[in-house]
Amino acid sequence: MKTYILNSSLVIPCPIDKTFDFFNKAQNLQAITPSHLGFDILTPGPITMATGTCIDYKVSIMGFPMRWTSLIQEYNPPYGFVDVQLKGPYSFWHHEHQFEAQGTRTLMRDKVRYVPPFGMLGSWMNTLFIKPQLRAIFSYRLKVICEKFKASGDTSSLYIKEL
């Protein structure tokens, strides 16, 4: 099974506390997720983010509805948190959200380690479907976050590589 890494970064023109406050609210994940994924949080709110918090979602991957359960494995406000998939479409999903103060701005980084499902077939699926879909989802996220925080210029980066 091959592991892939998605890296994304964005400089946000807001202080770290204000930036983290937005990402600390689970309901904001829906606002930065493309609507075609049918993303819906099933866990009753309000959700308090902390180490050990579990959040249940419903998503539609390539037209197939499925449940996704995330565990907040690490929580270190305002510098970041880590969520891992307990149940969902991937064989493995580990998502690091990192925030670094840069004066009155914040460098936000996402690092996702993932293993596609279905063993050897998963590598093929990653090339044809998963990698392009993740690139589109995170590109959408960057666009929406730029609009929300009024970021401008070439302050973002996104790439996926194989380990």
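A salt bridge is a side-chain nitrogen of Lys or Arg within 4 Å of a carboxyl oxygen of Asp or Glu. Keep that cut-off handy for the exercises below, and remember that this is a predicted model.

**Exercise 1. Decide what joins glutamate 96 to arginine 113, and say where each of them sits.**

Step 1: Look at the N to O distance between the two side chains, which is 2.8 Å. The cut-off is 4 Å, so this pair counts as a salt bridge.

Step 2: Find the two residues along the chain. Glutamate 96 belongs to strand E6 and arginine 113 to strand E7, and 17 residues separate them in sequence.

Step 3: Check how covered they are. Glutamate 96 has a relative accessible area of 15% and is buried, while arginine 113, at 24%, is partly exposed.

**Exercise 2. Work through two more salt bridges, one with arginine 109 and one with arginine 141.**

Step 1: How many salt bridges does the structure hold? There are five.

Step 2: Take arginine 109. Its salt-bridge partner is glutamate 100, with 3.2 Å between the closest N and O atoms. Arginine 109 is partly exposed at 32% relative accessibility, and glutamate 100 is partly exposed at 35%.

Step 3: Now take arginine 141. It forms a salt bridge with aspartate 110, and here the closest N and O atoms are 3.6 Å apart. Aspartate 110 is in strand E7 and arginine 141 in helix H3, so this pair ties together parts that lie 31 residues apart in sequence.

Step 4: Are these two partners buried or exposed? Aspartate 110 is buried at 3% relative accessibility, and arginine 141 is buried too, at 6%.

**Exercise 3. Find out which elements build the largest nonpolar core, and which of them gives the most.**

Step 1: Start with the members. The core has 40 residues, and those touching the most other members are Ile12, Phe23, Met108, Tyr114 and Ile145.

Step 2: Go through the elements. At least two core residues come from each of strands E1 (4–12), E3 (54–61), E4 (64–76), E6 (92–102) and E7 (105–115), and from each of helices H1 (16–23) and H3 (119–149).

Step 3: Pick the top contributor. That's H3, with 10 residues.

Step 4: Zoom in on isoleucine 145. Skipping neighbours within four places in sequence, its contacts are Leu10, Ile12, Phe23, Ile32 and Met108.

For background, nonpolar side chains tend to be buried together in soluble globular proteins.

**Exercise 4. Classify the ring pair of phenylalanine 20 and tyrosine 75, then do the same for tryptophan 93 and tyrosine 114.**

Step 1: Get the overall count, which is 14 aromatic pairs in the whole structure.

Step 2: For phenylalanine 20 and tyrosine 75, the centres are 6.1 Å apart and the planes make an angle of 50°. Planes under 30 degrees apart would be stacked and over 60 edge-to-face, so this one is tilted.

Step 3: Place the pair. Phenylalanine 20 is in helix H1 and tyrosine 75 in strand E4, so parts 55 residues apart in sequence are tied together. Phenylalanine 20 is buried at 5% relative accessibility, but tyrosine 75 is partly exposed at 22%.

Step 4: Repeat for tryptophan 93 and tyrosine 114. With 6.3 Å centre to centre and 40° between the planes, this pair is tilted. It links strand E6, home of tryptophan 93, to strand E7, home of tyrosine 114, 21 residues apart. Tryptophan 93 is buried at 6% relative accessible area, and so is tyrosine 114 at 0%.

Step 5: Look for a wider group. Ring pairs link Phe20, Phe22, Phe23, Tyr75, Phe81, Phe99 and Phe149 into a cluster. One of these rings, that of phenylalanine 149, has the charged end of lysine 148 sitting over it, 5.6 Å from its centre.

**Exercise 5. Trace how strand E3 pairs with E2 and with E4.**

Step 1: On the E2 side, residues 40–41 run antiparallel to E3, joined by two bridges. Aspartate 40 has lysine 58 in E3 as its bridge partner.

Step 2: On the E4 side, eight bridges hold an antiparallel pairing with E3. Here cysteine 54 stands opposite leucine 71 in E4.

Step 3: Check the turn. Two residues lie between the strands in the hairpin of E3 and E4, where methionine 62 takes a positive phi near 50°.

Terms used:
Residues numbered from 1 in each chain as written. Predicted model: local features only at pLDDT ≥ 70, side-chain atom pairs only at ≥ 80, totals over all residues. Heavy atoms only, no water. Core = buried A, V, L, I, M, F, W, Y, C linked by side-chain atoms within 4.5 Å. Buried < 20%, exposed > 50% of the residue type's maximum accessible area, 1.4 Å probe, protein only. Helix = DSSP H or I, 4+ residues; strand = E, 2+ residues; numbered from the N terminus. Contact = heavy atoms within 4.5 Å. Phe/Tyr/Trp six-rings, centres within 6.5 Å; stacked < 30°, edge-to-face > 60°. Lys NZ or Arg CZ within 6 Å of the ring centre and 35° of its normal. Pairing = 2+ DSSP bridges.
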